[in-house]
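Reader: I have a structure open and would like to talk through its packing with you. Could we go step by step?

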Amino acid sequence: MESFEYIESGLVFGMQTRDDLKKFVYPISAFAKHGDAYKFALSHFDEYGEFASDTTLMENYPLLDSSARSLNLDYAIEVFSNQVVHRKVVGTFQENKLDVVDNPKRALVNIMSELNEIAVSFDEDISSYTDESAGEQRLEAWKKRREIRAKGNGMLGIPTMFKSMNKTGVGWLDGEMISIFARPTIGKTWACVASAVDATLAGYKTLLVSTEMPRAQIEMRTDVVAANRLGYNFSHTAIKTGEPIDEQAYLEFLRDMGKESLLVCDHIKGDASISLAGIESLIRKHQPDFVVVDGLYLVSSGQGKKQMWEQSHALFYGVKNLAMAHNIPIMVSTQATRDAANIFEPPRPDQVAFGDALIRASDIALSMYGIIDNDKNRAVMMQKYRDGEMPFETATLHWDVDKGDIKELEERF
């Protein structure tokens with residue numbers, strides 16, 4: 001690889017037209033040595049409408065490598081990009097080298113997170129709105145949505161566990177972040193399982209990540225919810241404790257579910273936790289249509305050296321960025337604070353554990369709570385609905401989790 005001085009000089013000399021500027025998307029701070037010369041070239045263009053001549057550049061910046069005047073610009077940009085990535089990657093390992101010895105687990109989380117940020121920053125994610133091909137793509141996307149609405153149940157997006165929302169014809173949409181928060185014991189994990197099952201049975205490849213329960217427990221809950229949806233009648237208690245059930249029916253159900261595409265991941269291994277970068281790795285590897293993360297507050301943001309509010313902000317907005325970058329809906333659950341002590345009242349947005357950044361990052365935010373004298377029901381209040389009219393303000397769910405019978409009732413508050 002050519003020296004960075006030579007490549008950076010070639011970039012400064014190579015900028016001759018407005019189209020050349022469009023090819024090069026890096027800020028001045030990305031330069032290792034000749035950033036001032038590049039800034040001068042941009043300022044000259046802004047003031048005079050043309051780039052400075054090679055002679056002018058050399059007069060003002062004699063340290064530029066004049067032998068790079070004939071360097072191909074496209075080649076220089078490609079090599080420059082690799083050099084920037086190289087510096088950032090090396091810097092990441094240097095910043096964490098002490099932790100590699102003293103706390104290797106923390107170092108691994110931080111390194112993976114920072115490397116992921118580097119990868120995201122170099123994604124080609126900018127397109128021209130007025131570009132003809134981009135317009136054609138939007139037209140094709142609209143036609144695809146029409147086709148989806150015209151077949152099956154006429155829904156656009158991932159089906160939800162709310163009848164009232166599904167009736168609008170719009171479910172969880174690509175790029176959306178959906179959050180649900182509640183106090184412990186209310187049933188966030190069951191809600192996540194039900195959401196994952198509904199998506200799976202509708203034909204969507206779903207990734208369910210659990211930070212609170214081992215995979216075996218999640219799979220037992222998945223069994224009873226999916227079985228209930230398919231017309232079987234099993235008891236979660238019986239499956240969990242080994243009590244008698246209809247073994248033949250259970251085998252038949254398991255074979256039916258074996259045809260579906262539900263991926264379950266748990267990361268409860270000692271004191272290690274899954275990171276945001278780890279979740280993105282799973283998404284890249286398995287390419288799901290829908291992701292559900294149960295217990296987001298236990299996911300590592302990779303920002304271990306920062307204040308808790310900064311870590312939470314990075315985590316919540318990181319999930320939203322994942323949803324947008326991979327163009328899929330992501331549903332997450334998290335805790336409400338102790339201030340929401342009354343489990344029979346909806347937790348407020350300011351009672352989300354570790355700050356309200358979750359609500360701000362979410363497209364749809366739901367708070368769940370109990371109903372006095374009725375443990376077979378739960379209530380869900382929609383705290384935020386980013387786009388359009390809310391499909392409901394408060395929904396009542398039938399909540400017989402032992403049978404896996406979780407569904408919205410028509411009753412309203």
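Reader: Thanks! What percentage of the 413 residues count as buried?
Author: Happy to help, and please keep in mind that this is a predicted model. A residue is called buried here when its relative accessible area is under 20%. Of the 413 residues of the protein, the share that passes this test is 47%.

Reader: How many helices and strands does the protein have?
Author: The chain holds both kinds of element, helices and strands. Among the contacts with a separation of 6 or more, 65% are between residues 24 or more positions apart. As for the elements themselves, the secondary structure comes to 16 helices and 9 strands.

Reader: Let us look for empty space inside. How many cavities of 30 Å³ or more are found, and what is the volume of the largest cavity?
Author: Rolling a probe the size of a water molecule over the atoms shows where empty space is left. A search of the whole structure finds 2 cavities of 30 Å³ or more. The largest cavity has a volume of about 40 Å³.

Reader: Which elements give two or more residues to the lining of the largest cavity?
Author: Its lining is made up of Leu276, Ile279, Val291, Val293, Leu296, Val319, Leu322 and Ile330. By class, that lining has 8 nonpolar residues, with no polar and no charged ones. The elements that give two or more residues are α14 (276-286), β4 (290-294) and α15 (308-326).

Reader: And the second largest cavity: which element gives the most to its lining?
Author: This cavity holds about 30 Å³ of space, and Gln217, Met220, Arg221, His236 and Lys240 line it. These residues divide into 1 nonpolar, 2 polar and 2 charged. Both α11 (215-229) and α12 (236-241) supply at least two of the lining residues. With 3 residues, the element that gives the most is α11.

Reader: Back to helix α14, please. Is Ile279 buried or exposed?
Author: Ile279 is found in helix α14, and it is one of the residues that line the largest cavity. Leaving aside neighbours within four places in sequence, Ile279 is in contact with Ile274, Val293, Val299 and Leu322. Its relative accessibility is 3%, so Ile279 counts as buried.

Reader: How far apart in space are Ile279 and Val299, C-alpha to C-alpha?
Author: Val299 is one of the residues in contact with Ile279. In sequence the two are 20 residues apart. From C-alpha to C-alpha, the distance in space is 9.1 Å.

Reader: Which residues of α14 are buried, and which residue just after α14 takes a positive phi?
Author: The buried residues in α14 are Leu276, Ala277, Gly278, Ile279, Glu280, Leu282 and Ile283. Just after the helix, a positive phi of about 50° is taken by Gln287.

Reader: Now some aromatic chemistry. How many aromatic pairs are there, and what is the geometry of Phe234 and Phe253?
Author: A pair of aromatic rings is described by the distance of the centres and the angle of the planes. The count comes to 13 aromatic pairs. For Phe234 and Phe253, the centres are 6.0 Å apart and the planes meet at 65°. An angle over 60 degrees is the cut-off for this class, and the pair is edge-to-face.

Reader: Which parts does that pair tie together?
Author: Both Phe234 and Phe253 are buried. Phe234 lies in the loop between α11 and α12 and Phe253 in helix α13 (residues 247-257), so the pair ties together parts that are 19 residues apart in sequence.

Reader: Which residues do ring pairs link into a cluster?
Author: Elsewhere in the chain, ring pairs build up a cluster. Its members are Phe24, Phe31, Tyr38 and Phe80.

Reader: I am curious about His34. Which side chain does it make a polar contact with?
Author: His34 sits in the loop between α2 (18-23) and α3 (35-48), and with a relative accessible area of 5% it is buried. Beyond four places in sequence, it is in contact with Glu5, Glu8, Ser9, Val12, Leu63 and Leu64. Its side chain makes a polar contact, at 3.5 Å, with the side chain of Ser9.

Reader: One last residue: which side chain does Asp405 make a polar contact with?
Author: Asp405 is found in strand β9 (residues 405-408), and it counts as buried at 14% relative accessibility. Not counting residues up to four places away, Asp405 touches Asn228, His398, Trp399 and Asp400. The polar contact, at 3.4 Å, is with the side chain of His398.

Definitions and conventions: Residues are numbered from 1 along each chain as its sequence is written. This is a predicted model: local features need pLDDT of at least 70, side-chain atom pairs count only at pLDDT 80 or more; totals for chains, interfaces and linings use all residues. Side-chain values use heavy atoms; hydrogens and water are left out. On a 1 Å grid over the protein atoms alone, a cavity is a set of points where a 1.4 Å probe fits but cannot get out, and a pocket is an open set with protein on both sides within 12 Å along at least five of seven lines; lining residues have an atom within 4 Å of a point. Grid points are joined across faces, edges and corners, and a volume is the space filled by probe spheres set on the points. Helices (H or I, at least four residues) and strands (E, at least two) are DSSP runs, numbered from the N terminus. Ala, Val, Leu, Ile, Met, Phe, Trp, Tyr, Cys and Pro count as nonpolar, Asp, Glu, Lys and Arg as charged, and the others, Gly among them, as polar. Buried means under 20% relative accessible area, exposed over 50%, partly exposed in between (1.4 Å probe, protein chains only). A polar contact is a pair of N or O atoms within 3.5 Å; within protein, one must be able to donate a hydrogen and the other to accept it, and residues adjacent in sequence count only if both atoms are side-chain atoms. Contact means heavy atoms within 4.5 Å. Rings of Phe, Tyr and Trp (its six-membered ring) pair if their centres lie within 6.5 Å; planes under 30 degrees apart count as stacked, over 60 as edge-to-face and the rest as tilted.
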